[in-house]
Every structure is written in C-alpha cells, then in structure tokens.
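User: Please go through the contacts and the enclosed spaces of this structure, and set each value against the definition behind it.

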Amino acid sequence: MAAVGETILEVRDLNKSFYGVAANEQVNFDLRAGEVHGLLGENGAGKSTLCSVLAGLYRPDSGEISLDGQRVSLRSPHEAAEHGIGMVYQHFRLVPSLTVAENLVLGLKGQGVRLTLRAVETRVAEIAEEYGLSVHPSAYIWQLSVGEQQRVEILKQLYRGARILILDEPTAVLAPQECEKLFEVVRHMADQDHSVVLVSHKMEEILGHTDRVTVLRGGRNAGTVPTEDATASQLATMMIGAEHMPEAGQHEPRRIDDAEPVLTVTDLHVTGDRGTPAVNGASLEVCRGQIVGIAGVAGNGQREFQEALAGLRPATSGSVRLGDRDITAASPRRRSQVGLAYVPEDRLGTGLASGLTIEENLVLKSYREPPHSRFGVLSSSAIAATARTLVERFDVRGARRQMAVSLMSGGNLQRAILARELTRSHDVLLAASPTRGLDVAATAAVRGHIRAETDDGRGVLLFSEDLAEITELSDLILVMSRGRIVGSYTPETLDVEELGLLMTGAKDHGAHQDGGRAA
Ligand SMILES: Nc1ncnc2c1ncn2[C@@H]1O[C@H](COP(=O)(O)OP(=O)(O)OP(=O)(O)O)[C@@H](O)[C@H]1O
Ligand SMILES: [Mg+2]
C-alpha cells in the first residue's frame, strides 16, 4: 500500500462523451493515499461520469488511468473492485427482494470463498458496528429507507475491502445527524490510509470534510486546490464561472390566519413494509398560501406518510381531505386530477418512468388531455412542443429527445419532475426532498418555484431531511419522529437545538396532536 500522501490514482486526459455530447473532456485527476478528495461541480458537470469511469462502469473514449504508477484498464466494476476501487452510486444498485447480507455477497461468487450467510451477517454486523453504520443484516432492501439503503451500499464496499471509496453525493439522502456520522466514517477510512472521493454540491461539506478539492465545469477541469486554502466564494466561482452566486432569498413568513385549509390530514395511521405501524396518528393542516415543512430523520415514517398522501399506500385509519373532498381512498391518478401534485423522493422509481424518454415523461400525466390528445388521437407535435417549453422553463439540461430519462444526471431528473408536476393545475404540492442532489443554482431555482406556488394560493407540504431547506421555506415547521408529529414551530418560535433533539428522538414531547396552524 502506498504511503500516506503519495499519489495512488492518476487520471490523464480523460475523454468520455455520450451521443456526441462531451461529459468529460481532457479531465485530469489524481488521488493520494489517505486523503478525502472533494469533487465539486454543477448538475451535469461530469462528476458522476468521472466517478463511473474510475469504478469501471464506463469505458473512457480516451485517456489513461494509473494505479500505484501502473497503467490499468478498468473494464468492469469487478475489475475496479479487484484494484480496490468501490463506488456508491447516486442511484442505488441494490436488489430490493434480497436481504442486506445477500446483497453484499452478490457478485462475490467464484472467488474461491464459500461463505455462509450467517458468517456474512456476523461480519456485516462487525463492520456496521465499527463504522457506526447501523443496518440490520437480515432486513430486506425494499424495507429500508433511502438513508438506510445508502448505508448498505457503503457497507458493501467496506465489506469488499475497497481502499478507494467513491461516494457520489452521499449526503444528498441523509439527515444532518446522519451526515455527521457519515463524515466520521469517511475520516476513519482516511485515517486508515484509504482514499475517499466525495462528490458534493454542498460547500460546507467540501470545506469541512475534504483535504483537497477538484472542481469540474462543463465536463472540464476548473482546478484542484488544497481545501485549507480554499474559500466558498472561490470554489463557487470556479464552479459556475463568472456568473454570480444566487442569493439565498430572505424568507418572510406569510400571514395565514384566516386562510382556508387545502389539505387536512386527521389522525392518519399507516402500516409500513414490515407490517408494523409507520405513521401513528398524524394530523396536520396546510392552508392556501402556506408552506408546511416536515423535518425528521429518515426512517421515521415520512416515506410511508408521503406514500399514503400520494395514494401509493393505503391508510389503515384516519382521513385525508383535499379542500372539502375526501381523498383517503382515492387512486394516485384521481388525486392528481383533483389537484394534488407530487414530487417524490424516489425520482427514478416513483417519479419518472426510467425506460421512457424525457418527452414521454413530461406528458406522462397529461397525454390523455388536450392538446396532447384529441378524440383519443395523440398529437406528437403538441407533445414535443410541451416538452420543449418545459425543458426550457425549468432548465432541464442534457436531455435529448429520444434518450431514456434513466441516463440523465440526477439534478436534471429532478428538474424534469418539477416541470411536469408544477405545470399541471393543482391546489397542493406534496414535495419530498425536492432539492436533493441539486447544485447551488438549481436549488435556488427549485426553491423559487416552491415559493411561487404559495403566491398563487396553493399550499405546499414539504418533506425534507435538509433542515436548512425546511427552515428557509416553511411558514410552519412540524417535526416527525417515530411516526408522529412531535413538535411544531413557526419561524419566530423555532428552536433549532430543541428541534434537532426532537428529530433524533433524544427528546420526546409525546404525541403532538395539534399539528395544524401554529398556536
Ligand atoms: N449514460 C449516459 N448517457 C447519456 N448521457 C449521459 C450519461 N451519463 C451522463 N450523461 C450526460 O453527461 C453529462 C454529465 O453528466 P454527469 O451525470 O456526469 O453529471 P454530474 O456532474 O454528475 O451531474 P449531477 O450533479 O446532476 O449528478 C450530462 O449532460 C448527462 O446528461
Ligand atoms: Mg451526478
């Protein structure tokens, strides 16, 4: 193993394009033993592409990769793994129908080691314990929240003995407390002479947790600097060029005293995948012109709550009303028709149909309506025109007409969903982690779109594990823990420390049933 500080991985003049569009152009990158190397860049800058080349998933068009001074070709993730390179992707690659332990041994067959599942589970539990990555080895993947699934992905790489770990936007799916734990894991790995490539849009993560940072812009190198010499504004300028950083809008809470409720949830109970209660009597009210934010650590019933509101999961008791219409048992399609827009957490699964093109996805919910369809006949020109308008208005980049959306970058997927959902007529927007994985400019744009919702008298129910997002946008902040609303704040009464304690369950007020307008 290379001594700490020595270059172990070197990339020279890497080129990779897709359908004639350069995702990486003459990219140079080097990684040292024992360092955490940040990779920063806007949506579509080519970060995931570079990572995927290093992980053996994509073959470069040209360029050289050396490990410990030796040229290598990484023709498959398997070969990369043999060289000790492991990657946790933006979109997880776990098999939902298998357990954690089964997922970890997948692909390890044929290495001359016969592993019993029991032995794997024991080892997994050890690594999990050592790195503070709590997951149950015998739980099924489909039962896990996004945050938990990520832990499994990291565990998988650790289990396989990766010495270079590439994390593609790992904190995008994590709650603040979980991020801190992740960074402990990352630092721990670096201390053991592992090298970590950390992709992030979040300046404070890059500044606080990396040793060096490489910035990509438009698929090219914008520079590599030691983190201790870097400032946020310098990095932002490298990232977006001469353009200005978008201002974080100052949020003034709107008066909602006599506003009419558009979404009313009363004593909702929802059962989770494991058959155990996930939502235990949640009540809340969203009024016209109001943004209600739900803060909470992943795995506390938020996903099941969202799914029940979207009609993807039945409620066991309680009711959901949209205006004065009871939609407790309505189908997702019906909810959409009567005015519920939904931006889900799981973009490629629930949000978009991954095999369809961007055009098809953009009209997915309106293709049966004029002008896209008249008297049962689809108009491809009307569909294309709508798609073009949406792509432009929401600045969806990297989309080509006949390309499946599964090939688009993470940030652009989110813009596509927002484009579709926000342009349909609706009274309530249900949004889950809407800026997860978006860069600074895109985040500002999405938050602007969400704020604009309320100007038109719509109500927004916002789920996010990003506390800064919740506090920046919400007129009312509810805290969810163990399937209940355990706290409620207005921007004036907000006590972030207490909120953090409530979120983590370190403090429990008992069920807070007055989830409606703030007192
Ligand atoms: N498999 C693919 N097929 C076609 N185009 C692709 C593919 N992967 C990436 N691209 C395109 O290459 C460009 C770079 O994408 P990449 O995913 O590397 O960006 P990124 O910096 O990771 O962005 P984000 O922050 O949004 O995840 C984008 O224009 C993207 O649409
Ligand atoms: Mg990416």
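Analyst: A polar contact is a pair of N or O atoms within 3.5 Å; within protein, one must be able to donate a hydrogen and the other to accept it, and residues adjacent in sequence count only if both atoms are side-chain atoms. This is a predicted model, in which local features need pLDDT of at least 70 and side-chain atom pairs count only at pLDDT 80 or more, while totals for chains, interfaces and linings use all residues. Side-chain values use heavy atoms, with hydrogens and water left out.

User: What makes the pair formed by ligand 1 and the side chain of Thr-49 a polar contact?

Analyst: An oxygen atom of ligand 1 is 2.6 Å from an N or O atom in the Thr-49 side chain, and the limit is 3.5 Å, so the pair counts. A nitrogen atom of the ligand likewise lies 3.2 Å from an N or O atom in the side chain of Tyr-58. The protein covers 94% of the 630 Å² of accessible area that ligand 1 has on its own, by the Shrake-Rupley method with a 1.4 Å probe.

User: How do you know which residues of the lining of the second largest cavity are charged?

Analyst: Asp, Glu, Lys and Arg count as charged, and the lining includes Glu-345 and Glu-465, so these two fall in that class. The lining divides into one nonpolar, five polar and two charged residues.

User: Why is Phe-463 called nonpolar in that lining?

Analyst: Phe-463 is one of the lining residues, and Phe is on the nonpolar list with Ala, Val, Leu, Ile, Met, Trp, Tyr, Cys and Pro, so it is classed there.

Conventions
Residues numbered from 1 in each chain as written. Chains lettered and ligands numbered in written order. 1 Å grid on protein atoms, 1.4 Å probe; cavity = no way out; pocket = protein on both sides within 12 Å on 5 of 7 lines; lining within 4 Å.
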